[in-house]
Amino acid sequence: MEKALEGGIRGLLLDSCDCGMDDGIQFCHGECFLGTKDPTQTFDAIVEFLNTNPNEVLILEIQVDDDTLLGLWEYTSDEFRSMVYNGRKNFFDSWPTLNDMIDLNQRMIVFQHGGDNSPDTNCALLGDCPDGVYNFYDYGFQTPWDLKEDELNDYERSCRVFVGRESADDFIMNNHYAKELVPEEDIAKQINSLSNLQDRMKICSENVWRGRNTSLLVVDFWSIGDVVKAANEQNLALSGGNTPSLEPTPEPSTDSTPVGCFSGNSMIVVSKKQNGDFGTPIAMKDLRLGDLVLVDQNRYEKVYSFAHYHTTIETEYIQLLPSQLEMTPQHLVFVQGYQEPIPASSVRVGDVLVGSTQVTKIRVILCQGMYAPLTPSGTIVVNGAMASNYITLKSTKHFFQVGSTLLISHHAISHFFVTLIYRLTW
């Protein structure tokens, strides 16, 4: 599961089983003897992933066997439950946007279902759904799960509503795997190809579902074939976006001392005038004290100091493509959708840098030189993107935040004290 999350999977189907007095409730696939996964470790791993990736959102779909839902929920931690979205109280409420979930830090939607959708397995009808757990078949349906490989291309049959609410517009679980006694990798290689997956989603949507689209694409062996690529291209097509790189965001190593710098190869724009000049692009390593540098659109300010200026030291940078902006992980950058700049380590593929383009790929690189110029406004335009002069002061997007309300940002508090010290010592 952990590898699937790191590889780009954002919907998890988990089966719960009662494995007897010795093992208790476990995650399994139908039968305990086929293998189990400890629920506490599973839930904790999900929390760790979400904490490491603060812009990611997950759907958990739990098939509840042996009346195990309430017992299973006892294995969840307070932190896990706090990250479950619980804002939909009735059928008239709308589902949240991804931004809503991120702002609330309730970044999981959790469903449960029994295999046959009988009243005995619907926690909503029984009145015992844990807070934030929804019965899947009240909001969606799934396609058949018992077809052989050659039957998947019979779209009238394989795309039909098998279990659930036929009129559902919210969630559609599209089962795209061959029913075998034991899943076979060779079959997965064939049916998980990009063309097969795209054809299935397109034909199901246009010919059977009256324009409704796949919400959860269910496969065997997610890492075989083009599953993540197909899902990613489908999401981007629906959102009108461009196709980004599918490489997961790398996790840079950091030492104990936070440093905020740009690489020497980073490009800035300098001018001889404060306004009305297009300016001249130069490398960061060529910037000098007193230069007029672009800080916001057509406004230039003098570089009054450098927080760091090292020409030879080799440093690890996050590189955001295609802008080629290179910053240390703690350095702050302005991203559309946020009131204040966020750490470079929090930027994700799909984010749009203020003044620049959408991030399509993120790499960690080693470069020579460390440069951190300071300007009166506390901002600077680097590789076309608007960045802060400063770094994050702790391992959160913002310095002080209550719920979704930002009270003090890293940028604001750093700018206040740096400017104060400069004025007192100048």
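**Bridges and bonds in a predicted model**

Trainee: Where do I start? What is the relative accessible area of E2?

Mentor: It is 37%, so E2 is partly exposed. Partly exposed sits between buried (under 20% relative accessible area) and exposed (over 50%), using a 1.4 Å probe and protein chains only.

Trainee: Anything to know about the model before we go on?

Mentor: This is a predicted model: local features need pLDDT of at least 70, side-chain atom pairs count only at pLDDT 80 or more, and totals for chains, interfaces and linings use all residues. Residues are numbered from 1 along each chain as its sequence is written, and side-chain values use heavy atoms, with hydrogens and water left out.

Trainee: Back to E2. Which residue does E2 form a salt bridge with?

Mentor: K37. The closest N and O atoms of E2 and K37 are 3.7 Å apart. A salt bridge here is a side-chain nitrogen of Lys or Arg within 4 Å of a carboxyl oxygen of Asp or Glu.

Trainee: And where do E2 and K37 lie?

Mentor: E2 is in helix α1 (residues 2-7) and K37 is in strand β3, so their pairing ties together parts 35 residues apart in sequence. Helices (H or I, at least four residues) and strands (E, at least two) are DSSP runs, numbered from the N terminus. K37 is partly exposed too, at 28% relative accessibility.

Trainee: How many salt bridges does the count come to?

Mentor: Nine. One of them joins R81 and D78, at 2.4 Å from N to O. Both residues lie in helix α5 (residues 78-82), three residues apart, about one turn of the helix.

Trainee: R81 and D78, then: buried or exposed?

Mentor: R81 counts as partly exposed at 33% relative accessibility. D78 counts as exposed at 61%.

Trainee: Got another one inside a helix?

Mentor: Try K189 and D186, whose side chains meet in a salt bridge at 3.9 Å, N to O. They are three residues apart in helix α9 (residues 185-191), so about one helical turn separates them. D186 is exposed, with a relative accessible area of 54%. Elsewhere, D296, R299 and E301 form one network through salt bridges that share partners.

Trainee: New topic. How many disulfides are there in the whole structure?

Mentor: Three. A disulfide is a pair of cysteine sulfur atoms within 2.5 Å. One joins C17 to C28, with 1.7 Å from S to S. C17 is in strand β1 (residues 11-18) and C28 in strand β2 (residues 25-29), eleven residues apart, so the pair links distant parts of the chain.

Trainee: Why is the C17 and C28 disulfide called left-handed?

Mentor: Because the torsion about its S-S bond is about -45°. C17 is buried at 2% relative accessibility, and C28 is buried at 9%.

Trainee: Next pair?

Mentor: C19 and C32, with sulfur atoms 2.0 Å apart. Their link is left-handed, with -90° about the S-S bond. C19 is in the loop between β1 and α2 (20-23), while C32 is in strand β3 (residues 31-37), 13 residues apart. C19 is buried at 15%; C32 is partly exposed at 25%.

Trainee: And how far apart are the sulfur atoms of C159 and C204?

Mentor: 1.8 Å, in a disulfide. This link is left-handed, with -65° about the S-S bond. C159 sits in the loop between α8 (155-158) and β8 (163-164), and C204 in helix α10 (residues 194-208), 45 residues apart. Both C159 and C204 are buried.
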